[in-house]
Amino acid sequence: MKTEQRQAIEELVYRSCLALDAGEYTTFLDLCDTDFRYTISTYSPEIRRDMVWLDHDRKGMETLFSNLPKHNSDHSPLTRHATVYTVDLAGQAANVVSALQVFRTQLDGGATELFAVGRFHDTVNLDGASPKLARRLVKLETRLLGYGYHIPF
Amino acid sequence: MAKSAAEWNAAPRFPATHYVDSRVYTDQTIFEEEKEKLFRPSWIIACHESELAQAYDYRLFTHPAGVPLIVIRGDDAKVRAFYNICPHRGNTILYDPAGNAKRMTCIFHQWSFDARGNCIDITRAEQGYQDRFCKEDAAMREVKCEVGYGGFAWVNLTDDCPSLREFIGPALDILEPYMQQPMELFHYHKAYVRTNFKLWHDTNSEFYHDFIHYFNRITGMLQPGYYDRKYTAFPNGHATVGSMQIQYDKYEGSKERAVGWPGMARGGWYMVDIFPGMTYNLRTSVLRIDTTIPLGPNELLIEFRGLGLKSDTPEERAERVFDHNMIWGPFGRNLHEDLLGVHGQGRAMRRGTDSRWVLQGREENSTIHDEVGMRHYYAEWSRRMGRPAYDPYREGEAESVRAAA
């Protein structure tokens, strides 16, 4: 893999975090392919099962974002910190694993707390002019999320 | 006209049954009493039988009264519950929240117990205890456990409690027709919120707060039949809410719940609140169970379970999971709003804020925005606590006595 290609893939992951942090959902979706799918899953040691907590195609994500203003939500901003661990080429795609930490900052006083940890398991399409997210699986380690959140990680 | 301090503190102009003194949500003494008088003698849902599918499968549960429990299926398929406390030196016996343990061994000194609570091994017993103490003296503490009402394992800490059936009474009759098929758990998560447990149960006991939910307004409140839903109160503080047809497809991104539930009308939705802090919530395709575990007057852990049918095909199960997550998952539209609501109450009612009263005065012929569900709960709360919820320290009585004198 060329260094430039790896850099472009890493930048895609990081730009996806920046876009979601900023609430720029159109920008985030522009980083995603037309057949994009987004899933949040986690394993529960309590019930010894894998669980899916969110699963949407691109249209579902668009709707989720467009419905947000109609809902009552926590407005504390999130900061997503990703570190790309591995990039494995698979034909015209790449499988990318990144560490993820999500921090939440209180609006009043600005205290920041670790909100969640997990990993991105991304599939990136490389057959276009720029790499695009085809699949994002967020595998969460953290399962205690307090009063939750309306915006995906 | 905004209120002065005196007006703010004056009792609301409702009958005393129609408001609650905010201090019942913040006082440490009342909280400790609640654990003893409400939770310890009540039947509490510890887990579902599908979490204990095989012999020796176990599940840990922290009882709301504070006691750590092991719920385990024996070799005879019977589900039993025991303290997760070693009778030797008071150590934790099992650490992982779930697993399979033919032999439960305390890691501290390797005392072992079977799934019926018998002690089956005391290391170097004869050398240390001679004939003064033996395995028969070292059994685990068993608590009452019954499986029922949809296959849930209920526990009760008291020896002389009424049966589960007596405790529930007719409250779950409304759901019995829909709990005839074996169910299976597919979702479990906990939420920690700085609020009082009763405030969560209140939220499950009134639908006036549907105003917080865009999803419920668009799929329910604006649809025919919404204001016909009625509350029914039952002995022991339980209450139910009748059904209507929810129009799921009215919310963009949602859709009609095709998978449904056997025997239930399309789009149906029943809720049953079980005193002192559990809720059955059957919403068309998914059964949600809430179990509140209070950690302090203003600290709450809620266990959320989502269940489908054991007979589900993978496609049906995926539909149920989608339906569940749309509103009830940790990223769902409604659960976050409900939890924000009680988090806000916890903020406003914590000690020292001068929150004074909680009004429960809506009367609408027991229909959906009537607050009779909460009033019924606090009538039972007052009876069991020996304190009126509107005047938990009987200050009003003292004042009236002083006035009479």
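In this predicted model, the cover over the buried residues of helix α8 of chain B includes one strand, β12 (183-193). Helices also take part, among them α5 (197-205), α6 (214-221) and α7 (314-327) of chain B. Helix α8 itself runs through residues 333-349 of chain B. Its 17 residues reach 25 Å from the first C-alpha to the last. That is close to the 24 Å expected at 1.5 Å a residue.

Of the 17 residues of α8(B), 12 are buried, so the helix is largely enclosed by the rest of the structure. The buried set begins with B:R333, B:L335, B:H336, B:E337 and B:D338. It continues with B:L339, B:L340, B:G341 and B:V342. B:Q345, B:G346 and B:M349 complete the set. An α-helix has 3.6 residues a turn, so residues three or four places apart point the same way.

Chain B also touches chain A. The contact takes 29 residues from chain B and 29 residues from chain A. On the side of chain B, β12, α7 and α8 each supply at least two residues. β12(B) gives the most to this side, with 8 residues. By class, the side of chain B that touches chain A has 16 nonpolar, 7 polar and 6 charged residues. Two elements that cover buried residues of α8(B), β12 and α7, thus recur among the suppliers of this side.

A further site lies in helix α4 (residues 164-168) of chain B, where B:F167 is found. B:F167 has 20 other C-beta atoms within 10 Å; a residue with 20 or more counts as buried, so B:F167 is buried. Beyond its neighbours within four places in sequence, B:F167 is in contact with B:S42, B:W43, B:P162 and B:N236. B:H238 is 71 residues from B:F167 along the chain. The C-alpha atoms of these two residues are separated by 9.5 Å.

Chain B as a whole comes to 10 helices and 19 strands. Its C-alpha trace spans about 80 × 70 × 35 Å along the principal axes. The radius of gyration of chain B is 23 Å, which agrees with the value near 22 Å for a compact globule of 405 residues. Buried residues make up 47% of the 405 residues in the chain. Among contacts in chain B between residues at least 6 apart in sequence, 63% join residues at least 24 apart.

Methods:
Residues are numbered from 1 along each chain as its sequence is written. Chains are lettered from A and ligands numbered from 1 in the order in which they are written. This is a predicted model: local features need pLDDT of at least 70, side-chain atom pairs count only at pLDDT 80 or more; totals for chains, interfaces and linings use all residues. Helices (H or I, at least four residues) and strands (E, at least two) are DSSP runs, numbered from the N terminus. The expected span of a helix is 1.5 Å times one less than its number of residues. Two residues are in contact if their C-beta atoms, placed from the backbone, lie within 7 Å. Ala, Val, Leu, Ile, Met, Phe, Trp, Tyr, Cys and Pro count as nonpolar, Asp, Glu, Lys and Arg as charged, and the others, Gly among them, as polar. The radius of gyration is taken over C-alpha atoms; the globule rule is 2.2 Å times the number of residues to the power 0.38.
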